[in-house]
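Subject: Handover of a structure, with notes on side-chain contacts

Dear colleague,

Please find below the structure I am passing on to you. My notes on its side-chain contacts follow it.

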Amino acid sequence: MISKMTHVSVYVLNQKSAYDFYTNKLGFKVIKDVPMSDDDRWITVGPPDQPGFEIILSPLTRGLFSEETVKALRELVEKGTFGVGLFTCNDIFATYEELKAKGVEFTKAPKKEFYGTEAIFKDDSGNWFSLAQLV
Amino acid sequence: MINEQYPKIYFYRRIVQAKLFIDTHYSLKIDLENIADEAYFSKFHFIREFKNIYRKTPHQYLISVRIENAMESLKTGIPVSEVCYAVGFESLGSFSGLFKRIVGMPPSLYIIQHQKLKAQMAESPLDFIPGCFAEKKGLLKK
């Protein structure tokens, strides 16, 4: 029986810039930062209040995929095709104001929904996430 | 264009500005009363609202930011005595005590543990990377 999810991959256009975005803008903690080669690292980050959950910052470069697939995926990520998941927070309005002040791009301001109040933001690659204060 | 007219927008902006002030000025001697003034709140009101949002008083939050930054600096190998003052503490004793209480070990041990882990990662990266990923990346020896 599956008990929980511990890792999820987020495909990013530039790992260095994603590292800066997820740590300095979203305030996530670096969980693993393992050098694999001169320009390749295994990096996982996660929300500070959720130990045991790691987001793998997977760079869309050759290695995992063919050149053709990398090109197609990069285009899709860049144009905001992928919604990766939902983050929750204690106070949606404060979190929204803080992230906006740090330069995070929102495509939806906080709005009441039947499950809580939700906003939507994009990471520096184009992946989008829901941010919600659930009821 | 997204609609930004939600209730108490200016209230939130003031609290967030105060939090961001702590985030960027933690290394200085911060007078929390001044922050309350700058946010146009009475000290009592400011502490209460800050705690409602961040679940810590401004003082507790300042301490946590200083300790977090100390952890990052210690990871780079900067000596404990330097880190202590660089993140805004005024006494090595209170820094070490708080660090131990929050992190669970004294700063000197934290440095040793981190350096050990870093060396292990550099020496045997495959011990830290899931096998499925290493296999797809072609990192495993056939």
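In these notes, a residue counts as buried when its relative accessible area is under 20%, and as exposed when that area is over 50%. Please bear in mind that this is a predicted model.

**Salt bridges**

Over all chains, the search of the whole structure returned 14 salt bridges. Side chains of opposite charge can pair when their charged atoms come close. Three of the pairs are described here.

The bridge between K19(B) and E98(A) has its closest N and O atoms 2.6 Å apart. K19(B) belongs to helix α1 of chain B (residues 9-25) and E98(A) to helix α3 of chain A (residues 92-101), so this pair joins two chains. By the cut-off given above, K19(B) and E98(A) are both buried.

A second bridge, at 2.7 Å from N to O, brings together the side chains of K108(A) and E113(A). K108(A) has a relative accessible area of 17% and is therefore buried, whereas E113(A), at 26%, is partly exposed. Salt bridges with shared partners also tie E98(A), K102(A), K19(B) and D23(B) into one network.

The third bridge links E75(A) and K71(A), with an N to O distance of 3.8 Å. Both residues lie in helix α2 of chain A (residues 67-78); because they are four residues apart, about one helical turn separates them. E75(A) is partly exposed, with a relative accessibility of 46%, and K71(A) is exposed at 55%.

**Aromatic pairs**

For aromatic pairs, the search of the whole structure gave 21 over all chains. One of them is formed by F121(A) and F129(A), whose rings are stacked with 5.6 Å between centres and 25° between planes. F121(A) and F129(A) are both buried. They also take part in a cluster, linked by ring pairs, whose other members are F21(A), Y22(A), F28(A), F87(A), Y96(A) and F106(A).

**Charges over rings**

Two contacts between a charge and a ring complete these notes, one in chain A and one in chain B. In chain A, R41(A) places its charged end over the ring of Y19(A), 5.3 Å from the ring centre. In chain B, K8(B) lies over the face of F11(B), and the distance to the ring centre is 4.7 Å.

When you open the model, may I suggest the following question as a starting point: which residues do salt bridges with shared partners join into one network? They are E98(A), K102(A), K19(B) and D23(B).

With kind regards

How values were computed:
Residues numbered from 1 in each chain as written. Chains lettered and ligands numbered in written order. Predicted model: local features only at pLDDT ≥ 70, side-chain atom pairs only at ≥ 80, totals over all residues. Heavy atoms only, no water. Phe/Tyr/Trp six-rings, centres within 6.5 Å; stacked < 30°, edge-to-face > 60°. Buried < 20%, exposed > 50% of the residue type's maximum accessible area, 1.4 Å probe, protein only. Lys NZ or Arg CZ within 6 Å of the ring centre and 35° of its normal. Salt bridge = Lys/Arg side-chain N within 4 Å of Asp/Glu carboxyl O.
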